[in-house]
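Let's take a walk through a protein chain together. Have the picture ready, and follow along from the overall layout down to single residues.

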Amino acid sequence: VIMLRQSLRSASALRSAAKTHGARAMSTYALPSLPYDLGALEPVVNTEIMTLHHGKHHATYVANLNAALEKYADAEAKKDVAAMIALQGAIKFNGGGHVNHSIFWTNLCAPKD
């Protein structure tokens, strides 16, 4: 969990804001803006697919990552090691999905490019 949190924090383009939670600061992650218009990949990838993949699928990873990190911070403040361990899978899965998709969007370009 710590390594994932450090990896996510080091990707400053992915970090949106910091909240104070007890004595520690917790990062909140946001869905990154696409570097192109949702329709820019037509006809290879249509606008509807891009809207669903970016606006719903990737956004779900971000929302679930933030929820898991908030629960982790609460468990950490309470010294609830069992809860901290139980949350590691959700943090890795959703954090990985967020990072992978953030990289994925930057590897796509319009067919004319």
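Here is a short tour, starting with the whole chain and ending with a few residues.

## The big picture

First things first: this is a predicted model. The chain holds 3 helices and 2 strands. Start at the N terminus and you'll meet them in the order α-β-β-α-α.

How much of the chain is buried? Of its 113 residues, 32% are buried. As for the outside, the chain exposes about 6,900 Å², and carbon and sulfur atoms supply 59% of that. Now look at contacts with a separation of 6 or more: residues 24 or more positions apart account for 63% of them.

## Two nonpolar cores

The largest nonpolar core has 10 residues. You can pick them out one by one: Tyr29, Val62, Leu65, Ala68, Leu69, Tyr72, Ala75, Met84, Leu87 and Ile91. Two elements give two or more residues to this core, namely helix H2 (47-77) and H3. H2 gives the most, with 6 residues. There's also a second, separate core of 5 residues, and Leu34, Tyr36, Leu41 and Trp105 are among them.

Let's zoom in on one member of the largest core, Leu69. Leu69 sits in helix H2. Its relative accessibility is 3%, so Leu69 counts as buried, the cut-off being under 20%. Leu69 and Tyr29 are 40 residues apart along the chain, and their C-alpha atoms are separated by 9.9 Å.

## Helix H3, end to end

Helix H3 covers residues 81-106. With its 26 residues, H3 reaches 37 Å from its first C-alpha to its last, which is close to the 38 Å expected at 1.5 Å a residue. Where does H3 bend? Find Leu87: H3 bends there by about 30 degrees.

Some H3 residues are tucked away: the buried ones are Met84, Leu87, Ile91, Asn94, Gly95, Gly97, His98, His101, Ser102 and Trp105. Take Asn94 from that list: its relative accessibility is 7%, so it counts as buried. Which residues does Asn94 touch, if you skip those up to four places away in sequence? They are Thr60, Tyr61, Asn64 and Leu65.

## A pair of rings

You can describe a pair of aromatic rings by the distance of the centres and the angle of the planes. The count of aromatic pairs here comes to 2. In one of them, the rings of Tyr61 and Phe93 have centres 5.6 Å apart and planes at 55 degrees, so this pair is tilted. The pair links distant parts of the chain, with Tyr61 in helix H2 and Phe93 in helix H3, 32 residues apart.

Are these two partners buried or exposed? Tyr61 counts as buried because its relative accessibility is 14%. Phe93, on the other hand, is exposed, with a relative accessible area of 54%.

## A glycine in H2

One last stop: Gly55, which is found in helix H2. Gly55 is partly exposed, with a relative accessible area of 41%. Leave aside its neighbours within four places in sequence, and Gly55 is in contact with Leu31 and Met50. Now compare sequence and space for Gly55 and Leu38: they are 17 residues apart in sequence and 10.0 Å apart in space, C-alpha to C-alpha.

Terms used: Residues are numbered from 1 along each chain as its sequence is written. This is a predicted model: local features need pLDDT of at least 70, side-chain atom pairs count only at pLDDT 80 or more; totals for chains, interfaces and linings use all residues. Side-chain values use heavy atoms; hydrogens and water are left out. Helices (H or I, at least four residues) and strands (E, at least two) are DSSP runs, numbered from the N terminus. Buried means under 20% relative accessible area, exposed over 50%, partly exposed in between (1.4 Å probe, protein chains only). Contact means heavy atoms within 4.5 Å. A nonpolar core is a set of buried Ala, Val, Leu, Ile, Met, Phe, Trp, Tyr and Cys residues joined through side-chain atoms within 4.5 Å. Rings of Phe, Tyr and Trp (its six-membered ring) pair if their centres lie within 6.5 Å; planes under 30 degrees apart count as stacked, over 60 as edge-to-face and the rest as tilted. The expected span of a helix is 1.5 Å times one less than its number of residues. The bend at a residue is the angle between axes fitted to the seven residues ending there and the seven starting there. Accessible areas come from the Shrake-Rupley method with a 1.4 Å probe; for residues, only the protein chains shown count as cover.
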